[in-house]
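Visitor: Please take one part of this structure and look at it closely. Begin with a side chain on the outside, then work inward from there.

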Amino acid sequence: MSSIVDALAPLFALIALGAVLGRARFPGGDFWPRLERVIYYLLFPAMLVATLATADVSQVSVLPLAVTLLGAMLLLGAGLWLARARLALSPSVFTSAFQGVVRFNTYVGVAGAGALYGEPGLTVAAVAIALMVPTANILCVLAFIVSGTISDHQGPASVSKSVLALARNPLILACLVGVALNVSGIGLPGVTEPALELLGQAALPLGLVAVGVALRLSALWRGGRAFWLSSAVKLVVTPLLVAGLAWLVGLHGVERNVALLFAALPTATSAYILARQLGGDAELMAAIITGQTLLAMLAMPLVLQLAGTG
């Protein structure tokens with residue numbers, strides 16, 4: 001347990017630093033939103049390209065990993081939808097709870113995989129992102145559509161904007177570019193490899209600080225039953241389901257460990273933007289993001305320890 005905590009503690013420390021900076025409003029203005037765009041559109045994609053273009057992706061059991069991670073995501077999403085009447089949540093509340101279960105924080109996931117398992121962990125995490133990011137976004141947009149939270153006036157424009165954003169998602173595009181460079185044998189010639197590696201090294205620490213800045217502790221008072229439902233499914237049920245699916249398909253080693261790590265991740269901070277854009281309960285979404293991030297500091301080491309991955 002101590003080795004897992006030692007590896008993850010610096011990650012949580014950077015998130016805590018971000019929370020302090022955000023509360024102090026330092027350095028002020030729109031610095032953090034602008035920096036987050038730089039991380040999301042430049043630094044993090046550079047890290048993914050550098051990882052996938054040079055890694056031995058053939059050593060990753062892509063199909064079992066996909067069955068484990070996507071299978072859990074699809075089963076939980078379908079289960080929540082089928083149980084929506086019994087849950088008795090309003091459409092806007094339901095969509096925020098749904099996002100809280102289906103989406104995941106890529107910064108924390110990749111940083112954790114790298115801290116715990118080094119380069120092999122980063123490679124598996126990059127493959128996991130390529131599989132999970134488009135699936136999670138499609139499921140969440142569909143949940144908004146079928147829940148009817150999008151008004152007739154905003155519906156077509158909002159949905160089209162979301163679909164276009166998915167097609168332009170820098171994380172998906174970076175994964176595609178990295179895999180293409182790898183499969184083609186081109187790799188990263190000349191100075192491109194060290195340059196992209198330098199950019200990528202800045203992505204994770206800055207990304208973790210940005211996660212902390214986005215936390216809104218005051219929003220926790222708005223959580224209520226939907227918050228606890230979403231968090232319990234996300235941080236307890238999801239790891240159990242992923243562990244079961246990993247066992248069924250024979251996923252083991254670093255791949256299984258990274259899958260379990262991703263199963264215990266808090267939801268993505270970008271879920272707040274989608275909630276505002278498509279008619280979800282944005283304040284509840286802020287509570288879920290904040291609460292799950294805090295709870296994940298306990299859940300992630302515990303899940304890995306109980307699964308014997310330490």
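**From a surface tryptophan to the interior**

Guide: Trp247 is exposed, because its relative accessible area is 71% and the cut-off for exposed is over 50%. Keep in mind that this is a predicted model. Trp247 sits in helix H10. Look at what surrounds that side chain. Trp247 belongs to a nonpolar surface patch, together with Leu63, Val67, Leu248 and Val249. Their combined accessible area is about 570 Å². Which helices each supply at least two residues of this patch? They are H3, residues 62–82, and H10, residues 224–249. H10 gives the largest share, with 3 residues.

Now go inward, to H11. This helix runs over residues 253–263. H11 is mostly covered, with 8 of its 11 residues buried. The buried set is Glu255, Asn257, Val258, Ala259, Leu260, Leu261, Phe262 and Ala263. Note that Glu255 and Asn257 are on that list. What do the buried residues of H11 pack against? Their partners are H3, H6, H10 and H13. H3 and H10 are also the two helices that each supply at least two residues of the patch.

Follow the chain past H11. Thr269 lies in the loop between H11 and H12, the latter covering residues 271–278. Is Thr269 buried or exposed? Its relative accessibility is 15%, so Thr269 counts as buried, the limit being under 20%. Leaving aside residues up to four places away in sequence, Thr269 touches Glu36, Asn105, Val211, Ala214 and Ile289.

Val211 leads to H9. Val211 is one of the buried residues of H9. Others there include Gly200, Ala203, Leu204, Gly207, Leu208 and Val209. Ala210, Gly212 and Val213 are buried as well. The cover over these residues includes H1 (2–24), H2 (31–54), H6 (106–147) and H13 (282–306). Check the length of H9 too. The helix has 23 residues, 192–214, so at 1.5 Å a residue a span of 33 Å is expected. The C-alpha atoms at its ends are 32 Å apart, which agrees.

H13 comes up again and again. It is part of the cover for H9, and the buried residues of H11 pack against it. Ala299 is in H13. Ala299 is buried, at 12% relative accessible area. Which residue has its C-alpha atom 6.5 Å from that of Ala299? The answer is Leu235, 64 residues away along the chain.

H13 also takes part in a salt bridge. Glu283 pairs with Arg216, with 3.2 Å from N to O. This pair links distant parts of the chain: Glu283 is in H13, Arg216 is in the loop between H9 and H10, and 67 residues separate them. Both partners are partly exposed, Glu283 at 28% and Arg216 at 31%. How many salt bridges are counted in total? The count is 2. Asp30 and Arg34 make another, and their closest N and O atoms are 2.7 Å apart. Here Asp30 is partly exposed at 40%, whereas Arg34 is exposed at 54%.

One more interior site is worth a stop. Gln99 lies in H5, residues 91–102. Gln99 is buried, with a relative accessible area of 0%. Beyond four places in sequence, Gln99 touches Cys140, Phe144, Thr267, Ala271, Leu274, Ala275 and Met285.

Cys140, on that contact list, raises the matter of cysteines. Cys140 is buried, at 1% relative accessibility. Why is Cys140 not bonded to another cysteine? The closest cysteine sulfur, in Cys175, is 18 Å away, which is too far for a bond; a disulfide needs the sulfurs within 2.5 Å. Cys175 is likewise in no disulfide, its nearest cysteine sulfur being that of Cys140. Cys175 is buried too, at 3%. The structure holds 0 disulfides.

To retrace the route: start at exposed Trp247, pass to mostly covered H11, and reach buried Thr269 in the loop after it. From Thr269, the contact with Val211 points to the buried residues of H9.

Definitions and conventions. Residues numbered from 1 in each chain as written. Predicted model: local features only at pLDDT ≥ 70, side-chain atom pairs only at ≥ 80, totals over all residues. Heavy atoms only, no water. Patch = residues over 30% accessible without salt bridge, like charges linked within 9 Å, V, L, I, M, F, W, Y side chains within 5 Å. Areas by Shrake-Rupley, 256 points an atom, 1.4 Å probe, with all protein chains shown as cover. Salt bridge = Lys/Arg side-chain N within 4 Å of Asp/Glu carboxyl O. Helix = DSSP H or I, 4+ residues; strand = E, 2+ residues; numbered from the N terminus. Buried < 20%, exposed > 50% of the residue type's maximum accessible area, 1.4 Å probe, protein only. Expected span 1.5 Å × (residues − 1). Contact = heavy atoms within 4.5 Å.
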